[in-house]
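Here is a short tour of one chain, with a look at its confidence, its charged pairs and its interior. Please keep the 3D view open as you read.

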Amino acid sequence: MSSTVQASSPPVDTSKVTNRRHLHFDSIDQVLAEVDRLVEAERAGRLKHVGNWTLGQVLGHLACWAEYGYDGCPLKPPFFIRWILRMQKNRFLYKTMPAGVRIPRVANGTLATDPMPLDESLPRFRKVMERLKTEPPSAPSPALGKLTHDESIALNIRHAELHLGFMVPI
């Protein structure tokens, strides 16, 4: 049976969730295959959400952040923060993203957290992932600056590993 977070439920501290999956993807195609598997589990009522978001929200969030690579991101971190984050660029691109990180002074700790139906978020996510396969993003990352095409793919894959890990097929 699929579980969803109730509006009245206190949010889960995602940095302390121990039953999430630790995923690793090497390509966008692997991400898309995992999303297909999760969508199938969700529609069959066999997907447990161990974080705060539904699968629709996760896919909407991931799609929005990938789209920022083409449209630009509304966040403008202070120079000092950008400097620190850029020194850790390889960690963000090639290692596991930590759970529970919140962007200071941003509602809900990040952008693009609104509830979104799966039937709306799934095609949006697929569209931007297919675009990312062949078209390098032109807008800089708000945290890491200008990225190569391969770096943009790596960043989006790491982001997907993090959030999709809170979706557990049962």
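## Salt bridges across the chain

A salt bridge here is a side-chain nitrogen of Lys or Arg within 4 Å of a carboxyl oxygen of Asp or Glu. Arg124 and Glu67 fit that description, their side chains meeting at 2.6 Å, N to O. This pair ties together distant parts of the chain, since Arg124 sits in helix α5 and Glu67 in helix α2 (residues 55-71), 57 residues apart. Arg124 is partly exposed, with a relative accessible area of 27%. By the rule above, the count comes to eleven salt bridges.

Helix α5 (residues 118-134) takes part in another link between distant parts of the chain: its Lys133 pairs with Asp29 of helix α1 (residues 28-43), and the two positions lie 104 residues apart in numbering. The side chains of Asp29 and Lys133 meet at 2.5 Å, N to O. Asp29 is partly exposed at 45% relative accessible area, and Lys133 is partly exposed at 30%.

## A further pair and a network

Next, look at Glu135 and Arg131, whose side chains form a salt bridge at 3.0 Å, N to O. How accessible are these two partners, Glu135 and Arg131? Glu135 counts as partly exposed at 33% relative accessibility, and Arg131 is partly exposed with a relative accessible area of 35%.

Some salt bridges share partners: Arg21, Glu34 and Arg37 are joined in this way into one network. As general background, side chains of opposite charge can pair when their charged atoms come close.

## The cavity

How many cavities of 30 Å³ or more are there? The count comes to one, and the largest cavity has a volume of about 40 Å³.

Its lining is made up of Arg20, Arg21, His22, Leu23, Thr96, Met97, Glu161 and Leu162. By class, that lining has three nonpolar, two polar and three charged residues. Arg21 is worth finding in the view, as it lines the largest cavity and also belongs to the salt-bridge network with Glu34 and Arg37.

## Confidence in the model

Do keep in mind that this is a predicted model. The mean pLDDT of the chain is 92, and 95% of its residues reach 70 or more. Over residues 1-6, however, the pLDDT is below 50, and this stretch has 17 contacts in the model beyond near neighbours in sequence.

Note on methods. Residues numbered from 1 in each chain as written. Predicted model: local features only at pLDDT ≥ 70, side-chain atom pairs only at ≥ 80, totals over all residues. Heavy atoms only, no water. 1 Å grid on protein atoms, 1.4 Å probe; cavity = no way out; pocket = protein on both sides within 12 Å on 5 of 7 lines; lining within 4 Å. Points joined across faces, edges and corners; volume = space filled by probe spheres on them. Nonpolar A, V, L, I, M, F, W, Y, C, P; charged D, E, K, R; others polar. pLDDT = per-residue confidence, 0-100. Contact = heavy atoms within 4.5 Å. Helix = DSSP H or I, 4+ residues; strand = E, 2+ residues; numbered from the N terminus. Buried < 20%, exposed > 50% of the residue type's maximum accessible area, 1.4 Å probe, protein only.
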